[in-house]
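Subject: Structure handover

Hello,

Here is the structure for you to look through. My notes on it follow below.

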Amino acid sequence: MRFKCFLLMCLCSVVFCLGAGLCGAQTSSGALGVFEGQADIGAVSPPGVGRYDAGSGVYTVAAAGANLWSTVDAFHFVWKKVSGDVSLTANMAFPSTAGDPSPHRKTVLMFRQTLEADGVYVDAAQHGSGMTALQYRRERGATTQDIELNIESPQRIRLEKRGDTITMFLSNHGELLHQVGASIRLHLKEPFYAGIGVCSHNKDVVETATFSNLKLETPAPETSQSVLVSTLQTIGIEDNFRRATVVATGPGRMEAPNWSQDGKALIFNRDGHIWTIPAEGGVATLLNTGAATNCTGSHGLSPDGKWLAISCAMPGKPETRVYVVPSAGGEPRLLTENPSSYFHSWSPDGKTIAFTRPNQGGGGNILSIPVEGGTETPLTTGTGISDDPDYSADGKWIYFNSDRAGGLMQIWRMKPDGTGAEQVTTDDYNNWTPHPSPDGKSIVVVSYDKDVKGHPANKDIALRILNLSDGKIRVLVNLVGGAGSDNVPNWAPDGTHLAFVSFQMLPQEQAGSGR
């Protein structure tokens with residue numbers, strides 16, 4: 001009898017779709033546990049099917065489908081229309097490993113705007129290989145992006161929407177569900193779809209997955225005190241490969257990642273100290289900086305990787321000054337005698353450091369100093385803001401942000417002696433922290449909405465990539481961040497990846513202990 005019902009459901013869910021499967025999905029209505037309908041999204045053949053066993057409470061979804069990625073999806077979706085804040089939690093598994101299943105077959109918990117194959121969505125995806133990721137498409141037909149986790153398949157996953165913030169929570173071994181650094185802001189118009197799905201990642205193969213102990217509910221009110229959670233991530237810059245990887249996450253404020261010269265490690269500041277961590281994730285190690293304290297997010301490695309410039313306080317010198325230590329750690333050497341100095345960039349030849357200092361008008365100016373010490377050279381003057389200097393790879397320019405043109409903060413560049421300043425961006429955003437790529441082709445900037453004043457933290461921002469050859473600029477990733485996200489040079493040595501920090505306020509019980 002169950003087999004006959006299974007065949008009947010398959011026949012009822014046939015989708016007649018043309019071309020690439022961009023026409024609307026044909027749905028099958030009728031209660032299926034907590035859900036109210038199911039559909040093949042995109043081109044799926046044979047038709048997918050979902051079943052619910054009321055006795056065990058287990059949902060079973062069987063589907064083919066080429067992929068759930070890029071600009072068009074192909075998978076089977078069991079759904080319910082919802083509004084407001086919502087939480088979807090389940091244990092997901094592929095019971096069978098027979099044959100040669102794709103490591104990229106996926107089970108997902110999903111919130112989706114429409115049933116169109118190229119629709120806006122966000123999901124918590126568990127791959128056949130064990131990789132877990134938060135995937136999302138911000139606009140219809142846009143390229144899917146994701147945040148990947150370097151962990152084994154979790155035991156339990158939750159996808160939770162509170163306002164426009166959507167977060168993935170995991171439990172690996174039965175502990176309380178906790179955040180793992182996978183969170184985005186995405187607006188979904190109400191009503192939208194919440195549901196479960198399966199994609200085989202092989203259009204000619206049907207894969208079957210189970211969803212057990214599933215709960216679709218309104219999130220509980222946040223009763224405990226919220227805490228700040230920081231997530232250190234890396235991301236590829238290619239337009240069709242915007243994959244972010246969580247390196248570390250946890251309560252407290254991490255800031256300003258730099259890459260090591262071999263690309264194997266990241267350097268960041270936390271709790272007033274400098275730390276290092278493998279770029280692929282792992283345990284963070286405190287870097288020895290002697291008696292230095294209150295180290296800020298203004299630090300960076302020399303071009304040869306032998307030295308690290310830091311901006312810290314020292315006994316007897318409580319104000320922030322620039323110091324230099326061996327990159328493996330050691331005693332700080334004072335570089336800037338005058339207080340309130342903040343490192344920003346090394347010249348490509350390793351002989352000069354660009355730094356900033358507040359001015360009397362409430363803004364800031366850019367200066368340079370020889371690495372061996374000596375006389376400071378002012379590169380900008382005035383009472384406005386000139387900040388965040390970073391040398392181009394060929395050493396011919398220093399890029400910086402300034403409000404000198406009046407109105408919004410924009411990106412400028414000048415020659416290393418401070419002459420020949422010219423404006424680079426002229427758009428409707430407040431643009432900060434320009435960092436030229438190692439190959440000299442691109443610049444990454446932090447962009448705030450035009451109404452945001454200054455360089456605050458914990459704001460909706462975009463990391464954008466400016467192509468220097470044609471002047472075009474594109475969004476790489478949207479996040480909650482700002483000050484601390486990428487204060488200093490954050491390109492990988494190969495120029496294909498960036499590191500950054502995002503922030504989120506979460507109830508204390510969901511914040512986790514860090515990793």
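A strand here is a DSSP run of E with at least two residues, and strands are numbered from the N terminus. Thr234 lies in one of these, strand β18. Please keep in mind that the model is predicted.

Strand β18 and Thr234

Strand β18 covers residues 226-236, and ten of its eleven residues are buried, so the rest of the structure largely encloses this strand. Strand β18 has pairings with β40 and β19. With strand β40 (residues 497-507) it runs antiparallel and is joined by eleven bridges. With strand β19 (residues 243-251) the pairing is also antiparallel, over seven bridges. Two positions help to place these pairings: Ala499 in β40 is the bridge partner of Thr234, and Ala248 in β19 stands opposite Leu232.

Is Thr234 buried or exposed? Its relative accessible area is 7%; buried means under 20%, so Thr234 counts as buried. Setting aside neighbours within four places in sequence, Thr234 is in contact with Arg243, Ala244, Thr245, Val247, Trp259, Leu266, Ala279, Leu498 and Ala499. Ala499 therefore appears both as a contact and as the bridge partner of Thr234 in β40.

As background, side chains in a regular strand alternate between the two faces of the sheet.

The disulfide

How many disulfides does a search of the whole structure find? The search finds one. It joins Cys295 to Cys312, with an S to S distance of 2.1 Å. Cys295 lies in the loop between β23 (285-286) and β24, while Cys312 lies in strand β25 (residues 307-314), so the pair ties together parts that are 17 residues apart in sequence. The torsion about the S-S bond is about 110 degrees, so the disulfide is right-handed. Cys295 and Cys312 are both buried. Another cysteine, Cys199, is buried too, at 0% relative accessibility.

Two open sheets

One open sheet of four strands has the order β28-β29-β30-β31, with antiparallel pairing. Its edges are β28 and β31 (377-378); each has a single partner strand, so one side of each is left without a neighbour in the sheet. Four bridges pair β28 with strand β29 (residues 352-358) in the antiparallel sense. Ser345 stands opposite Ala354 in β29.

Another open sheet of four strands has the order β32-β33-β34-β35, again with antiparallel pairing. Here β32 and β35 (422-423) stand at the edges with a single partner strand each, so each has one side without a neighbour in the sheet. The antiparallel pairing of β32 with strand β33 (residues 398-402) is made over four bridges. In β33, Tyr399 is the residue that Asp390 stands opposite.

The largest pocket

The largest pocket has a volume of about 560 Å³. Of the 25 residues that line this pocket, Gln261, Leu301, Pro303, Pro438 and Pro489 are the closest to its centre. Which elements give two or more residues to the lining? They are β20 (254-259), β24 (300-301), β28 (342-346), β32 (386-391) and β36 (430-436). The edge strands β28 and β32 are thus among the elements of the lining. By residue type, the lining divides into 13 nonpolar, eleven polar and one charged.

Regards

How values were computed
Residues are numbered from 1 along each chain as its sequence is written. This is a predicted model: local features need pLDDT of at least 70, side-chain atom pairs count only at pLDDT 80 or more; totals for chains, interfaces and linings use all residues. Side-chain values use heavy atoms; hydrogens and water are left out. On a 1 Å grid over the protein atoms alone, a cavity is a set of points where a 1.4 Å probe fits but cannot get out, and a pocket is an open set with protein on both sides within 12 Å along at least five of seven lines; lining residues have an atom within 4 Å of a point. Grid points are joined across faces, edges and corners, and a volume is the space filled by probe spheres set on the points. Ala, Val, Leu, Ile, Met, Phe, Trp, Tyr, Cys and Pro count as nonpolar, Asp, Glu, Lys and Arg as charged, and the others, Gly among them, as polar. Buried means under 20% relative accessible area, exposed over 50%, partly exposed in between (1.4 Å probe, protein chains only). Two strands pair if DSSP finds at least two bridges between them. Contact means heavy atoms within 4.5 Å. A disulfide is a pair of cysteine sulfur atoms within 2.5 Å.
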